[in-house]
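Trainee: I've got a fresh model to look at and I'd like to talk it through. Can we put it on the screen?

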Amino acid sequence: MARTQKLAFASPSSGTTPHLTAENLFKVRAKVDITHVPFRGAGPAVAAVLGGEPPIGSMAAPRPMPHLRSGKLRALAVSSSKRLASLPDVPTLNELGYPDMEDYTWVGLFLPAGHPAIAQS
């Protein structure tokens with residue numbers, strides 16, 4: 001579809017792993033021009049895709065999972081090295097012919113320098 005018509009994809013925000021994974025897949029690997037539509041989080045991005053504007057979403061599995069299970073959304077691929085146990089019928093990007101398309105999110109917690117220590121319970 002992306003080769004014959006103008007498409008757009010939703011992500012939770014600019015610069016997130018889902019955004020950059022989709023940019024890599026669409027523009028670098030598949031060489032198609034798909035417009036990025038950033039949202040303020042995965043919830044609004046999923047809601048937009050459910051409404052068809054934009055028609056494609058790229059985000060971490062937890063937020064769209066209830067809609068995938070109910071059949072309201074359809075997963076095309078995952079960017080993990082192996083298929084997800086929760087989505088066993090969904091191929092990896094590697095299986096679809098995009099080698100080394102494995103993306104993982106690193107999460108850290110940060111405070112400004114000099115911030116007082118947080119009490120642990």
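Trainee: Among contacts in the protein chain between residues at least 6 apart in sequence, what share join residues at least 24 apart?

Mentor: Bear in mind that this is a predicted model, where local features need pLDDT of at least 70 and side-chain atom pairs count only at pLDDT 80 or more, while totals for chains, interfaces and linings use all residues. Residues are numbered from 1 along each chain as its sequence is written, and side-chain values use heavy atoms, with hydrogens and water left out. A contact is heavy atoms within 4.5 Å. Of the contacts between residues at least 6 apart, the share joining residues at least 24 apart is 49%.

Trainee: What pattern does the protein chain follow along the sequence?

Mentor: Helices and strands here are DSSP runs, numbered from the N terminus: H or I over at least four residues for a helix, E over at least two for a strand. The chain has three helices and three strands. Read along the sequence, they give β-α-β-α-β-α.

Trainee: In what order do the strands sit in the sheet?

Mentor: Strands pair if DSSP finds at least two bridges between them. Strand 1 (residues 7-11) is joined to strand 2 by five bridges, and the two run parallel. Strand 2 (34-38) and strand 3 (56-57) are the edge strands, each pairing on one side only. The sheet is open, its pairing is parallel, and its order is 2-1-3.

Trainee: Which residue in strand 2 is the bridge partner of Ala10?

Mentor: Take another bridge to get your bearings: Leu7 has Ile34 as its partner in strand 2. For Ala10, the partner in strand 2 is Val37.

Trainee: How many of the residues in strand 1 are buried?

Mentor: Buried means under 20% relative accessible area, exposed means over 50%, and partly exposed is in between (1.4 Å probe, protein chains only). Both faces of strand 1 are covered, with Leu7, Phe9 and Ser11 buried on one side and Ala8 and Ala10 on the other. The count for strand 1 is five of five.

Trainee: At about what angle does helix 1 run to strand 1?

Mentor: Axes are lines fitted to C-alpha atoms, for helices over the stretch in contact, and the angles run from 0 to 180 degrees between N-to-C directions. The cover over the buried residues of helix 1 includes strand 1, strand 2 and strand 3. Helix 1 (residues 17-29) lies across those strands, and its angle to strand 1 is about 155°.

Trainee: How far apart in sequence are the parts that the aromatic pair ties together?

Mentor: Rings of Phe, Tyr and Trp (its six-membered ring) pair if their centres lie within 6.5 Å; planes under 30 degrees apart are stacked, over 60 edge-to-face, and the rest tilted. The structure holds one such pair, the tilted Phe9 and Phe26, at 5.4 Å centre to centre with 55° between the planes. Phe9 is buried at 1% relative accessible area, and Phe26 is buried too, at 14%. Phe9 sits in strand 1 and Phe26 in helix 1, so the parts tied together are apart in sequence by 17 residues.

Trainee: Which residue's side chain does Thr21 reach through a polar contact?

Mentor: Thr21 is in helix 1 and counts as buried at 9% relative accessibility. A polar contact is a pair of N or O atoms within 3.5 Å; within protein, one must be able to donate a hydrogen and the other to accept it, and residues adjacent in sequence count only if both atoms are side-chain atoms. Leaving out residues up to four places away in sequence, Thr21 touches Ser79, Met101 and Asp103. The side-chain polar contact, at 2.5 Å, is with Asp103.

Trainee: Is Ser79 buried or partly exposed, and at what relative accessible area?

Mentor: Ser79 lies in the segment after helix 3. Not counting residues up to four places away in sequence, Ser79 touches Thr21, Leu93, Met101, Glu102 and Asp103. Ser79 is partly exposed, with a relative accessible area of 22%.

Trainee: Which helix gives the most to the largest nonpolar core?

Mentor: A nonpolar core is a set of buried Ala, Val, Leu, Ile, Met, Phe, Trp, Tyr and Cys residues joined through side-chain atoms within 4.5 Å. The largest has 12 residues, including Ala10, Met59, Leu73 and Val90. Helix 2 (42-50) and helix 3 (65-70) each supply at least two residues of this core. The top contribution, four residues, comes from helix 2.
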